[in-house]
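Reader: I am in my first year and would like to look closely at a single part of this model. Could you take me through one helix with some care, and then show me what else is worth finding in the structure?

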Amino acid sequence: NEYTFPKGFWWGSATSATQIEGAANEGGKGPNIWDYWYKKEPNRFFENVGPEKTSDFYHLYKEDIQLMKEIGHNSFRMSISWSRLIPNGKGEVNEEAVTFYNNVINELIDNGIEPFVNLFHFDMPLKLQQVGGWENRDVVEAYADYAEICFRLFGNRVKKWFTFNEPIVPVEGGYLYDFHYPNIVDFKKAAQVAFHTVLASAKAIERFRKEKVSDGKIGIILNLTPSYPRSQNPYDLKASRIADLFFNRSFLDPAVLGEYPEELIEILREHGQLPVVQDGDLEFIKNHTVDLLGVNYYQPRRVKAKEHLPNPYSPFMPDWFFDNYEMPGRKMNPYRGWEIYEKGIYDIMINLKENYGNIESFISENGMGVQNEERFLKDGMIHDDYRIEFIKGHLQWLHKAIEEGANCKGYHLWTFMDNWSWCNAYKNRYGFVSVDITTQKRSLKKSALWFKQVSHNNGF
Ligand code: BGP
């Protein structure tokens, strides 16, 4: 090997319940916001493909776990669908769901694959959204109860838990930029929702530790988008620092350090945008930080100082403080449109090492979405050499960070198999395994065979 990773490195992939399970109206599952929104507006982004069937993991999980094993997974991230387990969000537990998740967890373990279980991946139970979702503090308590139920049911076998995946995305999508339900644009509500999810994560951690789920660990998964200024001039630097405060540190600091950055609080105070916080909340957050951090990394954020002052009568937005900057010559994913910047993964890891106590971490998502991937089909296999190059490029930088002391324990690709996604149905394909959505036939892509070798050799 030219690049060998630390012994026991976690090789695998990530998924989420709504995106892979299907069976949305089966097995006693209650609706979540995605089932509801799709039904209400099937043409919004969904192109008439909803989450009701997706890749049918609910029925095909055994076959899928065999494929995971075949391609060298030693770990796999899934999420529990809150509204499958507890159809109304609180109250009665659905026994069919308990059986399903027990079966999946046992099947993974029996095949030598460690389950990493996430409690919330964008999928608010509809009943709870109807009372305000994360805007409503009661939902924080309902979530803590749900978390505790999961720890009690599955904690004897699941040793890696995550309170949230990308909690900032429902804030941005649902309350700022109009791409998640309830598609409201209101910064003050966004700040409240963000605060309540940070608090909810801390409450789940409290329940976890009270439960003493043996030697398990609990973490959070954050999408970190390193913020790079156009230049070193003080205006660009400030713009970049503020973007970092809004989009990274608003969750990273309270989750890992237990404290919000002072400068962020000052900005919100100055503009009258602070959320409602009860006595004791900040101390509670301080006392319930994570053991483990999952990092989802797709692309950086490039930022420059504002060219025009924002209109003070327009609604307050993070974008008052910076403009996005398209760096000339940046490398783009030609099949989807996101920037590819492999070194970002290194910068994130070094930042965690230097400023976040070198917390135990892993890459919990990284991946390359490709539209119309069938065009790379040759002899029955998708030859996704671009994905192999993408993964390699990121792993090389990750390796360098580890050599320099970063405490990174693994790499999970987004995603195991092609699946339904929030705002593009089946358009962007990311999987190691391709899925024909009419027949549900699975086929390994070339990257899956390559990854099998990487996992087998613990490097490449
Ligand atoms: C992450 C989410 C995933 C997944 C991925 C790809 O932000 O955690 O759920 O969807 O992005 O994004 P997309 O499907 O929009 O291309």
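Author: The expected span of a helix is 1.5 Å times one less than its number of residues. With that in mind, and remembering that this is a predicted model, look at helix α3, which covers residues 57-70. Helix α3 has 14 residues, and a straight helix would reach 20 Å, yet the C-alpha atoms at its two ends are only 17 Å apart. Follow the helix along and you will find a kink of about 40°, centred on Glu63. Just after α3 comes Gly72, whose phi is positive, at about 85°.

Next, consider which side chains of this helix to pick out: Phe57, Tyr58, Asp64, Ile65 and Met68 are buried in α3. The elements that these buried residues pack against are α1 (17-20), β2 (75-79) and α5 (95-110).

From the helix you can turn to the interior, where the largest nonpolar core has 122 residues, with Tyr143, Leu222, Met349 and Leu398 having the most contacts inside it. Helix α9 (residues 187-211) gives the most to this core, contributing 11 residues. If neighbours within four places in sequence are left aside, Tyr143 is in contact with Ala200 and Ala204.

Finally, find the ligand, which 14 residues surround, the closest being Glu166, Gly369, Trp414, Ser421 and Asn428. The shell around the ligand is made up of nine polar, three nonpolar and two charged residues.

Definitions and conventions
Residues are numbered from 1 along each chain as its sequence is written. This is a predicted model: local features need pLDDT of at least 70, side-chain atom pairs count only at pLDDT 80 or more; totals for chains, interfaces and linings use all residues. A residue is near a molecule or strand if its C-beta atom, placed from the backbone, lies within 6 Å of it. Ala, Val, Leu, Ile, Met, Phe, Trp, Tyr, Cys and Pro count as nonpolar, Asp, Glu, Lys and Arg as charged, and the others, Gly among them, as polar. A nonpolar core is a set of buried Ala, Val, Leu, Ile, Met, Phe, Trp, Tyr and Cys residues joined through C-beta atoms within 7 Å. A residue is buried if 20 or more other C-beta atoms lie within 10 Å of its own, exposed if 12 or fewer, and partly exposed in between; C-beta atoms are placed from the backbone. Helices (H or I, at least four residues) and strands (E, at least two) are DSSP runs, numbered from the N terminus. Two residues are in contact if their C-beta atoms, placed from the backbone, lie within 7 Å. The bend at a residue is the angle between axes fitted to the seven residues ending there and the seven starting there.
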